[in-house]
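Me: Please take a close look at one part of this model, the ligand and its surroundings, and set out carefully what can be said about it. A long, connected answer would suit me, including a few points elsewhere in the chain for context.

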Amino acid sequence: MDDMLFDGVEITDDILMELAKELLPRSYAPYSNINVGAALLTKGGKVYFGCNVENSSYSATMCAERVAIYTAIAQGDTEFEAIAITGIKNGDVGEPFFPCGSCLQVMREFCDDDFKIIVEKGFENESYTLKELLPVGFSL
Ligand code: THU
């Protein structure tokens, strides 16, 4: 998926989650077999995508959320509304995939307290604010 501009169309949580799922086949996860996809909505209505990209040197692995955020930054978009995160672990779909601490710290760098983080819970989506998942965070 290339980044997509939705002009005048409301991107609901459900739509953003469906878009995140489109990224799962691109996830490169031969070591953990955990596939993660993310769809990041900008305040201007554009959606950027990310998937996790693993490496044989494990620490070089990058999470789906940060791939999406860094892609957006590189394209000149810096204002974000929401991110939907989906994943498959051992073939199980629908388990909530919460962002890891490093991804939350990166969100803290670029997003407001009310930035919305959407995860799957069974067949439903649940959303949290960045403030809820990272009440306090490092900043300079
Ligand atoms: N992963 C993500 O993509 N996002 C997260 O927030 C947590 C973890 C990926 C990284 C790695 O490829 C796999 O999940 C197992 O940790």
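**The ligand and its surroundings**

Reply: I begin away from the ligand, with Leu5, which is exposed because its relative accessible area is 54%, a value over the 50% cut-off for that class. This is a predicted model, and in it Leu5 belongs to strand E1, made up of residues 4–5. Along the chain, Leu5 and Thr71 are 66 residues apart, and their C-alpha atoms are separated by 15 Å.

Turning to the part you asked about, the space that the ligand takes is the largest pocket. Two elements, strand E2 (34–42) and helix H2 (64–74), each give two or more residues to the shell around the ligand. In full, the residues around the ligand are Ser32, Ile34, Val36, Asn52, Glu54, Thr61, Cys63, Ala64, Glu65, Phe98, Pro99 and Cys100. Sorted by class, the shell has seven nonpolar residues, together with three polar and two charged ones.

The polar atoms of the site can be described residue by residue. In Glu54, a polar side-chain atom lies 2.5 Å from an oxygen atom of the ligand, while in Asn52 an N or O atom of the side chain is 2.9 Å from a ligand oxygen atom. Cys100 takes part through its backbone, where an N or O atom lies 3.0 Å from an oxygen atom of the ligand. As for how much of the ligand is covered, on its own it has 380 Å² of accessible area, of which the protein covers 79%.

Pro99, one of the residues around the ligand, is placed in the loop between strand E5 (92–93) and helix H3 (101–110). Pro99 counts as buried because its relative accessible area is 9%, which is under the 20% cut-off. The C-alpha atom of Pro99 is separated by 8.5 Å from that of Ile117, a residue 18 positions away along the chain.

Glu54 also offers a way into the loop between helix H1 (13–21) and E2, in which Ser27 is found, since the C-alpha atoms of Ser27 and Glu54 are 8.5 Å apart in space although the two are 27 residues apart in sequence. Ser27 is buried, given that its relative accessible area is 11%, and its side chain is joined to the side chain of Asn35 by a polar contact of 2.9 Å. The loop between H1 and E2 also holds Asn33, which has a positive phi of about 60 degrees although this residue is not a glycine.

Ser56 makes a contrast with Ser27. Ser56 is found in the loop between strand E3 (46–51) and H2, and it is classed as exposed because its relative accessible area is 54%. In sequence, Ser56 and Tyr31 are 25 residues apart, whereas from C-alpha to C-alpha they are 7.5 Å apart in space.

Terms used
Residues numbered from 1 in each chain as written. Predicted model: local features only at pLDDT ≥ 70, side-chain atom pairs only at ≥ 80, totals over all residues. Heavy atoms only, no water. Near = heavy atom within 4 Å. Polar contact = N/O pair within 3.5 Å; in protein donor to acceptor, adjacent residues only side chain to side chain. Areas by Shrake-Rupley, 256 points an atom, 1.4 Å probe, with all protein chains shown as cover. 1 Å grid on protein atoms, 1.4 Å probe; cavity = no way out; pocket = protein on both sides within 12 Å on 5 of 7 lines; lining within 4 Å. Sits in = over half its atoms within 2 Å of the grid points. Helix = DSSP H or I, 4+ residues; strand = E, 2+ residues; numbered from the N terminus. Nonpolar A, V, L, I, M, F, W, Y, C, P; charged D, E, K, R; others polar. Buried < 20%, exposed > 50% of the residue type's maximum accessible area, 1.4 Å probe, protein only.
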